[in-house]
Amino acid sequence: MQVNDAYSPQTPIEGVMHAFTRIGRRLKAKQPGDTLDHSAHVALFVLRCSGALRLSDLAARMELDASTASRHVRALEQLGLIRRSPDPDDGRAFRVELTEQGVEQWESSARRRMELLSAAMDGWPEEDIETFERLMTRFADGVANLTDPATDKTWADKGWAAVAPRLRRERRTEDFAPGGGPAAREHTDENLENTR
């Protein structure tokens, strides 16, 4: 999908829609260092937040049909990022979970996106970042309340809350931006801390 970034929204709502279109396509796109596509990243995110799941539960949380989720599982299993294990509650079924390599892959990908967002807010006063986070959270809650089924989707919030502090604490050992060196890396780490 090609979006004309020169488009000038006529209303604030159009402006919000246009901004999300521009941001969404960029966050879903492969970042430098990514080896997996967006759908694989989503599968890893679900398993990182939820732990071991039956295939049917993974498909439901990804909002996919079972056959599509099964294809993702096979591909990720071949890459060594997830493994199958017997379901202790049903000997006929299996569960899938992340391997250590899968955890590392997801965290590395999430870190790259956090660094991109942090770099995009470089130079913003801390109060602006806090206001932006508060408004974005309020907006996300409003959209979720209107669009999500009445089922419990708090697994993603709980899962992200558990892994985000670790991502903020860890330091990258390689450069993440063209021309970026240790000083740039330190500056981005400071920005990540400021987004808490």
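**Figure 1. Helices α2 and α3 cross in a right-handed manner.** In this predicted model, α2 passes α3 in a right-handed crossing. Two packed helices are described by the angle between their axes and the distance between the axes. Helix α2 covers residues 38-50 and helix α3 covers residues 55-62. Their axes come within 10 Å and cross at roughly 115 degrees.

**Figure 2. Side chains and backbone where α2 meets α3.** From α2, the residues in this contact are Ser39, Val42, Ala43, Val46, Leu47 and Ser50. From α3, Leu58, Arg61 and Met62 take part. By type, the residues of the contact between α2 and α3 divide into six nonpolar, two polar and one charged.

**Figure 3. Glu63 in the loop between α3 and α4.** Glu63 is not a glycine, yet its phi is positive, at about 60 degrees. Is Glu63 buried or exposed? Its relative accessible area is 56%, and exposed means over 50%, so Glu63 counts as exposed.

**Figure 4. An open sheet of three strands.** Strands of a sheet pair through backbone hydrogen bonds, either parallel or antiparallel. Here the pairing is antiparallel, and the strand order is β1-β3-β2. Strands β1 (53-54) and β2 (82-87) are the edge strands, and each pairs on one side only. Two bridges join β1 to β3, whereas six bridges join β2 to β3.

**Figure 5. The hairpin of β2 and β3.** Two residues lie between the strands of this hairpin. Strand β3 spans residues 90-98 and runs antiparallel to β2. Which residue of β3 is the bridge partner of Ile82? The partner is Leu98. Elsewhere in the hairpin, Arg83 stands opposite Glu97, and Pro86 stands opposite Phe94.

**Figure 6. Strand β1 beside β3.** The two strands run antiparallel. Leu53 stands opposite Val96, a residue of β3. Strand β1 is an edge strand, made up of residues 53-54.

**Figure 7. Helix α4 across the sheet strands β2 and β3.** Helix α4 is formed by residues 66-78 and lies across both strands. Relative to β2, helix α4 runs at about 115 degrees. The loop that holds Glu63 joins α3 to α4.

**Figure 8. The whole chain, for placing the close-ups.** How many helices and strands does the chain have? There are eight helices and three strands. Along the sequence they follow the pattern α-α-β-α-α-β-β-α-α-α-α. The chain has 196 residues, and buried residues make up 31% of them. Its accessible surface comes to about 12500 Å², with 55% belonging to carbon and sulfur atoms. Among contacts between residues at least 6 apart in sequence, 54% join residues at least 24 apart.

Methods
Residues numbered from 1 in each chain as written. Predicted model: local features only at pLDDT ≥ 70, side-chain atom pairs only at ≥ 80, totals over all residues. Heavy atoms only, no water. Helix = DSSP H or I, 4+ residues; strand = E, 2+ residues; numbered from the N terminus. Buried < 20%, exposed > 50% of the residue type's maximum accessible area, 1.4 Å probe, protein only. Contact = heavy atoms within 4.5 Å. Areas by Shrake-Rupley, 256 points an atom, 1.4 Å probe, with all protein chains shown as cover. Pairing = 2+ DSSP bridges. Axes fitted to C-alpha atoms, helices over the stretch in contact; angles between N-to-C directions. Left-handed = near helix turned anticlockwise from the far one by under 90°. Nonpolar A, V, L, I, M, F, W, Y, C, P; charged D, E, K, R; others polar.
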